[in-house]
Amino acid sequence: MKILVTGGAGFIGSHIVDAYVGGGHTVVVVDDLSSGRRENLHPKALFYQLDIRDSGLEKVFKEHAIDVVNHHAAQMDVRRSVDDPQFDAGVNVIGGLNVLESARKHGVAKFIFSSTGGAIYGEQDYFPADEEHPTRPLSPYGISKLSTEHYLFFYRETYGKQYTILRYANVYGPRQNPHGEAGVVAIFAAKMLKGEQPLINGDGTQTRDYTYVADVVRANVLALQADGSHTFNVGTGVETDVNVLFRSLARILSPSTPETHGPAKPGEQKRSVISFKNIQRAWGWSPTVTLEEGLQLTAEYFRKQQ
Ligand SMILES: NC(=O)c1ccc[n+]([C@@H]2O[C@H](COP(=O)([O-])OP(=O)(O)OC[C@H]3O[C@@H](n4cnc5c(N)ncnc54)[C@H](O)[C@@H]3O)[C@@H](O)[C@H]2O)c1
């Protein structure tokens with residue numbers, strides 16, 4: 001198959017590109033390198049350094065007969081979305097629509113979209129949240145991801161275009177950017193290795209569902225074979241608080257690092273954990289990497305990067 005991966009130089013996207021190339025597919029990557037990196041790019045991937053909002057995107061679809069679009073390019077920083085909701089919507093909604101419209105015009109058969117199972121549900125009524133949980137995003141980022149889901153529904157109803165929406169939990173692993181606001185595992189690991197003090201926001205009892213990137217990649221590989229349209233959570237169903245995460249990582253990287261707390265981030269979601277029962281039932285997907293194993297693998301990567 002010929003697959004276009006937007007955001008294919010980024011953290012998650014680049015691992016998906018590796019798996020698709022490894023599976024014998026031809027992969028085209030569109031990425032503006034705003035947070036992605038050239039070093040992440042698989043040498044066999046055809047690369048266009050391009051903003052998804054750019055009209056030049058059309059040219060990529062004209063030059064390649066794309067069978068599947070896997071859309072990972074996004075502004076993915078929740079705090080930035082709060083500070084600048086127009087920028088967030090510009091990239092995630094308008095940019096996303098540019099990708100969707102180009103895919104429709106050029107007869108692309110399948111569209112895979114990386115949504116969020118953290119920001120989309122907001123504070124949960126029950127734990128873990130399944131896909132039927134009410135969506136009450138508390139950030140412009142969650143709103144922009146949810147609105148792209150709505151557009152996908154519109155394209156299916158109106159044009160018969162099939163989609164797979166994967167709502168990820170908190171993904172971590174090698175290549176995650178340690179310099180941003182998001183990605184607590186990467187941020188803590190990089191700081192511990194530099195001998196700097198990582199700060200736990202607030203009392204550290206806020207919880208997330210940490211999911212290793214290789215498991216997320218497997219869901220994207222399974223999505224290539226799926227018929228019809230689907231919306232699935234991709235997470236572990238295990239809730240871990242930041243204090244526990246800090247201690248687990250410190251045990252691996254720097255046991256003497258003191259546990260230090262900074263001010264709480266206003267508006268930060270308190271608890272988040274999602275159920276993978278539906279994707280397990282439909283595709284046989286379940287997480288295979290425990291947090292302990294995933295942290296080891298991630299720590300090894302950052303150690304080598306030092
Ligand atoms: N990391 C997570 O925990 C997580 C959770 C849920 C959903 N997601 C989604 O997964 C996707 C990938 O996230 P990631 O963690 O790998 O982040 P990332 O920042 O590493 O990847 C995003 C990629 O998109 C590119 N990009 C950004 N704006 C662009 C634009 N206007 N035009 C072209 N390329 C652009 C960046 O350069 C980067 O390579 C995003 O859509 C994100 O919303 C991530």
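## Two domains, a shared core and a wrapped ligand

The C-alpha centres of domain 1 and domain 2 lie 25 Å apart. Keep in mind that what you're looking at is a predicted model. The domain assignment gives residues 2-171 + 211-234 to domain 1, while domain 2 is made up of 172-208 + 238-274 + 288-305. So how many residues does each domain put into the contact? Domain 1 supplies 33 residues and domain 2 supplies 26 residues.

Now for the inside. In soluble globular proteins, nonpolar side chains tend to be buried together. Here, the largest nonpolar core has 52 residues, and the members that touch the most others are I12, Y20, L166, Y168, V234, L249 and I279. Helix 8 (residues 242-253) provides the largest share of this core, at seven residues. Where does the core sit relative to the domains? Domain 1 and domain 2 both give residues to it, so this core lies between them.

Pick out Y20 and look around. Beyond the residues within four places of it in sequence, Y20 is in contact with I3, V5, H25, V27, N70, I112, N220, V221 and L224. There's also a second core, separate from the big one, with 23 residues; among them are A73, V91, L100 and V108.

Next, the ligand. It is surrounded by 28 residues, and D31, S35, Y141, K145 and V171 are the closest of these. A few polar contacts are worth putting on screen. A nitrogen atom of the ligand sits 3.1 Å from a backbone N or O atom of D32. For G36, again a backbone N or O atom is involved, this time 2.9 Å from an oxygen atom of the ligand. S114 uses its side chain instead: an N or O atom there is 3.1 Å from a ligand oxygen atom. How much of the ligand does the protein cover? On its own the ligand has 820 Å² of accessible area, and the protein covers 95% of that.

As for which elements build the shell around the ligand, helix 1 (11-22), strand 5, helix 5 and strand 7 (170-172) are the ones that give two or more residues. Strand 5 gives the most, with three residues.

Follow the chain on from strand 5 (110-116) and, in the loop before helix 5 (140-159), you'll come across H133. Is H133 buried or exposed? Its relative accessibility is 2%, and since the cut-off for buried is under 20%, H133 counts as buried. Its contacts, leaving out neighbours within four places in sequence, are Y121, E123, Q124, D125 and Y126. With D125 there's a polar contact too: the H133 side chain reaches the D125 backbone nitrogen at 2.8 Å.

Last stop: R208, which belongs to strand 9 (residues 207-208). This arginine is buried as well, with a relative accessible area of 13%. What does R208 touch, once neighbours within four places in sequence are set aside? The list is N170, V238, E239, T240, E268, Q269, K270, R271 and S272. Of these, Q269 offers its backbone oxygen, 3.0 Å from a polar atom of the R208 side chain. If you'd like a landmark, take L138: its C-alpha atom is 15 Å from that of R208, with the two residues 70 apart along the chain.

Conventions
Residues are numbered from 1 along each chain as its sequence is written. This is a predicted model: local features need pLDDT of at least 70, side-chain atom pairs count only at pLDDT 80 or more; totals for chains, interfaces and linings use all residues. Side-chain values use heavy atoms; hydrogens and water are left out. A nonpolar core is a set of buried Ala, Val, Leu, Ile, Met, Phe, Trp, Tyr and Cys residues joined through side-chain atoms within 4.5 Å. Buried means under 20% relative accessible area, exposed over 50%, partly exposed in between (1.4 Å probe, protein chains only). Helices (H or I, at least four residues) and strands (E, at least two) are DSSP runs, numbered from the N terminus. Domain bounds come from an automatic or database domain assignment. Contact means heavy atoms within 4.5 Å. A polar contact is a pair of N or O atoms within 3.5 Å; within protein, one must be able to donate a hydrogen and the other to accept it, and residues adjacent in sequence count only if both atoms are side-chain atoms. A residue is near a molecule or strand if one of its heavy atoms lies within 4 Å of it. Accessible areas come from the Shrake-Rupley method with a 1.4 Å probe; for residues, only the protein chains shown count as cover.
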